[in-house]
Amino acid sequence: MSRSWREDGSSSPRRWESRSTASMTRYRPGTAQETGLYEYKVFGVLTTCTPELCADVYMDLTYRKHWDGYVKELYEKDFDGQAAIYWEVKYPFPLSNRDYVYVRERRDLDVDGRKIFVILARSSPETPCPEKSGVLRVKDYKQSVALESDGACGTKVFLNYFDNPGGMIPTWLVNWAAKSGVPGFLTDMQKACGNYKTHCQKK
């Protein structure tokens, strides 16, 4: 997940009829203190989506290109025998776009009768994917997501996220990401879950 701004440049989060709720903390652990960057912890509830559906939507790269307006490119590929995901994220002018080369895995767990879906991702600098001119490569990225039923018809989402985008990032962009951008991802995710069945039927 990378979430920093709206494409129209405004700082207002997107709103949908089906609402999600989220709370977030940010902190500077370990090496992050040296760079001044934050690591984000998010807890949210998607009110009308099952955990399995959320996990399926999160893992579907092709579908994400339809609902995530910040995606420039996104695909999984074999790079000289190493499977990895390439992801280019749109940044607002005059900042350069960022791209990621990362690996991920999904684990469907049963913990004392609780079904928990876990998705782990990390940057993969060892993957031989050439850098693009004019695009900054994010070489330090990690994310973990845990999805569990809220006991009704929704999903509790636990997310831990860090990346170092490199270059000079304006303070306003960092602040907006903390206040609206990162939690706003859950709002977009909720709508994507609601439309997923229709998307799959059109395949």
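These legends walk through a few close-up views of a predicted model.

Residue numbers start at 1 along each chain as its sequence is written. Because this is a predicted model, local features need pLDDT of at least 70 and side-chain atom pairs count only at pLDDT 80 or more, while totals for chains, interfaces and linings use all residues, and side-chain values use heavy atoms, leaving out hydrogens and water.

**View 1. The whole protein, with its four helices and nine strands.**
Helices (H or I, at least four residues) and strands (E, at least two) are DSSP runs, numbered from the N terminus. Read from that end, the order is β-α-β-α-α-β-β-β-β-β-β-β-α. The protein has 203 residues, and 45% of them count as buried; that word means under 20% relative accessible area, with exposed being over 50% and partly exposed in between (1.4 Å probe, protein chains only). As for confidence, the mean pLDDT (the predictor's confidence in each residue, from 0 to 100) is 83, and 78% of residues reach 70 or more. Go carefully with residues 1–19, where pLDDT stays under 50.

**View 2. Inside the largest nonpolar core, a group of 38 residues.**
A nonpolar core here is a set of buried Ala, Val, Leu, Ile, Met, Phe, Trp, Tyr and Cys residues joined through side-chain atoms within 4.5 Å. Val 57, Trp 87, Tyr 100, Tyr 102, Tyr 141 and Met 189 have the most contacts inside this one. Helix α4 (residues 171–201) supplies the largest share of the core, with seven residues. Zoom in on Met 189 and you'll find that, beyond residues up to four places away in sequence, this side of the picture includes Leu 46, Cys 54, Val 57, Tyr 58 and Trp 67 as residues Met 189 touches; contact means heavy atoms within 4.5 Å.

**View 3. A cluster of aromatic residues.**
Trp 87, Tyr 100, Tyr 102, Tyr 141 and Tyr 161 make up one aromatic cluster. Rings of Phe, Tyr and Trp (its six-membered ring) pair if their centres lie within 6.5 Å; planes under 30 degrees apart count as stacked, over 60 as edge-to-face and the rest as tilted. By that rule, the count is eleven aromatic pairs.

**View 4. The loop between β4 (82–89) and β5 (98–111), home of Pro 94.**
Phe 93 and Pro 94 are joined by a cis peptide bond, with omega about 10°. Pro 92 is in this loop too, and Pro 92 is buried, at 19% relative accessible area. The C-alpha atoms of Pro 92 and Tyr 70 are 9.8 Å apart, though 22 residues separate the two along the chain. Look also for Arg 98, whose charged end sits over the ring of Tyr 91, 4.6 Å from its centre; the rule asks for NZ of Lys or CZ of Arg within 6 Å of the ring centre and within 35 degrees of the ring normal.

**View 5. Glu 88, a buried residue in strand β4.**
Glu 88 has a relative accessible area of 4%. Leaving aside neighbours within four places in sequence, the contacts of Glu 88 include Tyr 70, Lys 72, Arg 98, Asp 99 and Lys 132.

**View 6. Asp 80 and Asp 112, each with a positive phi.**
Most residues other than glycine have a negative phi. Asp 80, in the loop between β3 (71–79) and β4, has a phi of about 50° and is exposed at 70% relative accessible area. Asp 112 sits in the loop between β5 and β6 (114–123), with phi near 55°, and is exposed at 79%.
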